[in-house]
Amino acid sequence: MAAGRPDRADPLRRARRPARPAHPRHPGPAGGRVIRPAAAVEVLRAGALTTVQDLGRPGWAHLGVPRSGALDPAALRLANRLVGNPEAAAGLEITLGGCLLRFTTATTVAVTGADTDLRAGARPADLGRPLSLPAGALLRIAPPRAGLRNWLAVAGGFDVPPVLGSRSTDTLSGLGPAPLRDGDLLPLGAPTGHPAPVDVTPGPAPPAELRLRLTLGPRDDWFTAEALHRLLHTPYTVGPVGNRVGARLAGAALPRAVAGELPSEGVVLGAVQVPADGQPLVFLADHPTTGGYPVVGVVADVTPLAQARPGTTVRFHGPQR
């Protein structure tokens, strides 16, 4: 984005499906042979949105590439520990469940995150515990009872090609593997460790009200004193339009003190941008690296928004600038 030109495009609607890489079942360069990995996960039903995620690709913002990665890094780290993987191994982030997977080899898996029903073949399975599966086993991940997302780790991790040091899907820039579709075949790496020997109890259900710690700036001076009071003293709700790019909130509009246009400038994870309608938008993992709307403040930890369904109450609190 050229300096002096405001970025008015709605970033939540700019998220797109990344270009699909060469599919492991598609003909390869060696004489047109079809290459099937010995250890893989077959996607029978992908669900609403399932993406490959690791801990992201930090350090590339100067080239316009956000960090991306799991929306709840702690949940992915836990899933990886449970199956004996390094914490940064690539897993799956599953939004709203409805996912059905088949494993071509015997392996160990773990699912963390939102409270949901799991089934390994015909039997129920436990959330937040390592699960041994035989070759050919089916794993069903139902829509969650509360929250939005689950994270699945498999022993060895998903061995898709890394881009800029990460296997994460970035839904805004198109980097990394495409969101999963029915029929995809994902190769697995070789296991490097042993599954955790202890059971782990899943965390509590997400609260009905989130309190997000906010530091005002850098453009809080673009808003009236009344706007800043509203931001810090009135509740907002998570709206129906949201994704890995950001969570759009609904509530008291934030009137500006400055009516002009702001040149595009850098945007960070947790930035609270305020578009022309005055409704705040909290940027998440796949956020753009620049924006033309003023940022009134930055949220210290956006992880709670990973499980915030539409209608969830959000309150901002200090410290102020």
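**Exercise 1.** Leaving aside neighbours within four places in sequence, with which residues is L305 in contact?

*Solution.* The model is predicted: local features need pLDDT of at least 70, side-chain atom pairs count only at pLDDT 80 or more, and totals for chains, interfaces and linings use all residues. Residues are numbered from 1 along each chain as its sequence is written, and side-chain values use heavy atoms, without hydrogens and water. Contact means heavy atoms within 4.5 Å. With neighbours within four places set aside, the partners of L305 are R149, L210, L212, V238, A247, V282, L284 and V314.

**Exercise 2.** Place L305 within the nonpolar cores.

*Solution.* A nonpolar core is a set of buried Ala, Val, Leu, Ile, Met, Phe, Trp, Tyr and Cys residues joined through side-chain atoms within 4.5 Å; buried means under 20% relative accessible area (1.4 Å probe, protein chains only). The largest core has 35 residues, and L305 and F316 touch the most other members. Among the elements supplying at least two residues each are α2 (73-83), β12 (209-216) and β20 (313-317). Helices (H or I, at least four residues) and strands (E, at least two) are DSSP runs, numbered from the N terminus. A second, separate core of 28 residues includes V41, I94, L118 and I141.

**Exercise 3.** Is S166 buried or exposed, and where does S166 lie?

*Solution.* S166 lies in the loop between β10 (149-154) and β11 (185-187). The relative accessible area of S166 is 1%, so this residue is buried. Leaving aside neighbours within four places, S166 is in contact with D54, G56 and R57.

How values were computed: Buried < 20%, exposed > 50% of the residue type's maximum accessible area, 1.4 Å probe, protein only.
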